[in-house]
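Biologist: I should like to learn how to read pockets, interfaces and charged pairs in a model. Might we begin with a pocket and the character of its lining?

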Amino acid sequence: MSLLAPPAQVGDEEPLARYVFSADHVRKTDQSVKPDAFIPHPHLDLSVTRHLGLAEDQIWAHGKVVSAQRQRPLIGRADVTAATFRREGLQPSSAPVTTNAHHVNVVGWPVGKPAQKIIAQEVAARARYLPLPAV
Amino acid sequence: MIRPSTMTISLALTASTTPGRSPAAIYVQEQAMTGWNHYQQPISRGHARQTAQENLVALFDRCAQPNWDGHNAAAVSQQVYCLAYRLLEALPPDLPLPEFGAEPDGQLTFEWHRAARRTLSVSISPDGDLHFAALLGASRNYGTEAFWGDLPQPILELIGRVFMG
């Protein structure tokens, strides 16, 4: 993984990866990601990982670290630009952790469930889902 | 997963009935009990609906324990499962069947999806609220409807708009 920490400011066009650990969060019909994968819980923030400066295999490697922490198999990731979150009034905020210098918290979620759902719908509609490549 | 008996669940639900509860709360509880009884019985009706029922049961089994996502997800409760079953039963037979999902706050989702911007998601909450969000071209529609045993008309209309045209 990259040892260089990315700049604190998350650029609008930066892709952010939301790792997916539940097959129920991917549509069987067209292999796109469902809004369910973007509902914030247990706190009003959403963990994503910046692509900036990472090679493709390094992006997946971060997902596998999270997979080991969660003890759930990584099945894919949904890539979304920072601008997509900002358009919905959310703020992607750099939040490096020991195991991931590229970690970002997306904050500013509303409390009400319907408002969360429509934001998650918009984000999912603009996301690009990638299944974990077969080895 | 070990499924508790109908009697156990019925007693648990009955025990939660306290004097002074609102008619809405009592109704939701009755709906949940009916749904739970269905959970215990052989699946019947048409093949597609039977498959849907089986998928819903399987999803419930996967998400019935806390932390099912490895990130502190709330368990999908029997109450939520039973309401979801009742909602599935309430769908008119000529309506496309939804795809099911679960959210980390323990709510089950029904999704009618045609394209990225022709899509409707409905979350079933433990208290019988249906939280919905739809993208329909450039417009968006979201809110909450109470589930009283019939599919609420606004949600029925949104399903129609997902598949219209």
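Modeller: Sorted by class, the residues that line the largest pocket are 7 nonpolar, 9 polar and 2 charged. Please keep in mind that this is a predicted model. The space in this pocket amounts to about 300 Å³. Its lining has 18 residues, and A:Ser47, A:Val66, A:Gln69, A:Arg70 and A:His103 are the closest to the centre.

Biologist: Which element supplies the largest share of the lining of the largest pocket?

Modeller: That is α1(A), with 5 residues. At least two lining residues come from each of β1 (15–20), β2 (45–50) and α1 (56–70) of chain A.

Biologist: How much space lies in the second largest pocket, and which residues line it?

Modeller: The second largest pocket holds about 230 Å³ of space. Chain A is represented in its lining by A:Asp24 and A:Lys28. From chain B come B:Ala48, B:Thr51, B:Ala52, B:Asn55, B:Leu59, B:Arg62, B:Leu97, B:Pro98, B:Glu99 and B:Phe100. Two or more of the lining residues are given by α3 (47–63) and by β1 (99–102) of chain B. The greatest contribution, 6 residues, is that of α3(B). By class, this lining has 6 nonpolar, 2 polar and 4 charged residues.

Biologist: A cavity is to be read differently from a pocket, I believe. How many cavities of 30 Å³ or more does the structure hold?

Modeller: The general idea is that a probe fits in a cavity but cannot get out, whereas a pocket is open. Here there is 1 cavity of 30 Å³ or more, and the volume of the largest cavity is about 140 Å³. Of its 14 lining residues, those closest to the centre are A:Arg18, A:His25, A:Ala37, A:Arg70 and B:Asp69. The strand β1(A) gives the most to this lining, with 3 residues. The classes in the cavity lining are 6 nonpolar, 4 polar and 4 charged. A:Arg70 thus appears among the residues closest to the centre of the largest pocket and among those closest to the centre of the largest cavity.

Biologist: Let us turn to the interface. How many residues does each chain bring to the contact, and what area do the chains bury between them?

Modeller: Chain A brings 26 residues and chain B brings 38 residues. The area buried between the two chains is about 2600 Å², with 48% of it on carbon and sulfur atoms. Within chain A, the residues that lose the most area to chain B are A:His41, A:Lys117 and A:Ile118, which together account for 22% of what that side buries.

Biologist: How should charge be read at such a contact?

Modeller: As a general idea, side chains of opposite charge can pair when their charged atoms come close. Across the interface of chain A and chain B there are 9 salt bridges by the rule used. One of them joins A:Lys34 and B:Glu99, whose closest N and O atoms are 3.4 Å apart. B:Glu99 also belongs to the lining of the second largest pocket. The interface further has 24 residue pairs in polar contact, both residues being at pLDDT 80 or more. On the side of chain A that touches chain B, helix α3 (residues 113–126) of chain A supplies the largest share, 9 residues. That side comprises 8 nonpolar, 5 polar and 13 charged residues.

Biologist: How many salt bridges does the rule count over all chains?

Modeller: The count over all chains is 15. In one example, the side chains of A:Asp12 and A:Arg86 meet at 2.7 Å, N to O. A:Asp12 lies in the segment before β1 of chain A and A:Arg86 in helix α2 (residues 82–87) of chain A, so this pair ties together parts 74 residues apart in sequence.

Biologist: Finally, which backbone details deserve a look?

Modeller: Two may be noted. The peptide bond from A:His41 to A:Pro42 is cis, with omega near 5 degrees, and A:Pro42 is in the loop between β1 and β2 of chain A. In chain B, B:Asn67 has a positive phi, near 65 degrees, in a residue other than glycine. B:Asn67 is placed in the loop between α3 and α4 (78–90) of chain B.

Methods:
Residues numbered from 1 in each chain as written. Chains lettered and ligands numbered in written order. Predicted model: local features only at pLDDT ≥ 70, side-chain atom pairs only at ≥ 80, totals over all residues. Heavy atoms only, no water. Contact = heavy atoms within 4.5 Å. Buried area = accessible area lost by both parts, 1.4 Å probe. Salt bridge = Lys/Arg side-chain N within 4 Å of Asp/Glu carboxyl O. Polar contact = N/O pair within 3.5 Å; in protein donor to acceptor, adjacent residues only side chain to side chain. Helix = DSSP H or I, 4+ residues; strand = E, 2+ residues; numbered from the N terminus. Nonpolar A, V, L, I, M, F, W, Y, C, P; charged D, E, K, R; others polar. 1 Å grid on protein atoms, 1.4 Å probe; cavity = no way out; pocket = protein on both sides within 12 Å on 5 of 7 lines; lining within 4 Å. Points joined across faces, edges and corners; volume = space filled by probe spheres on them.
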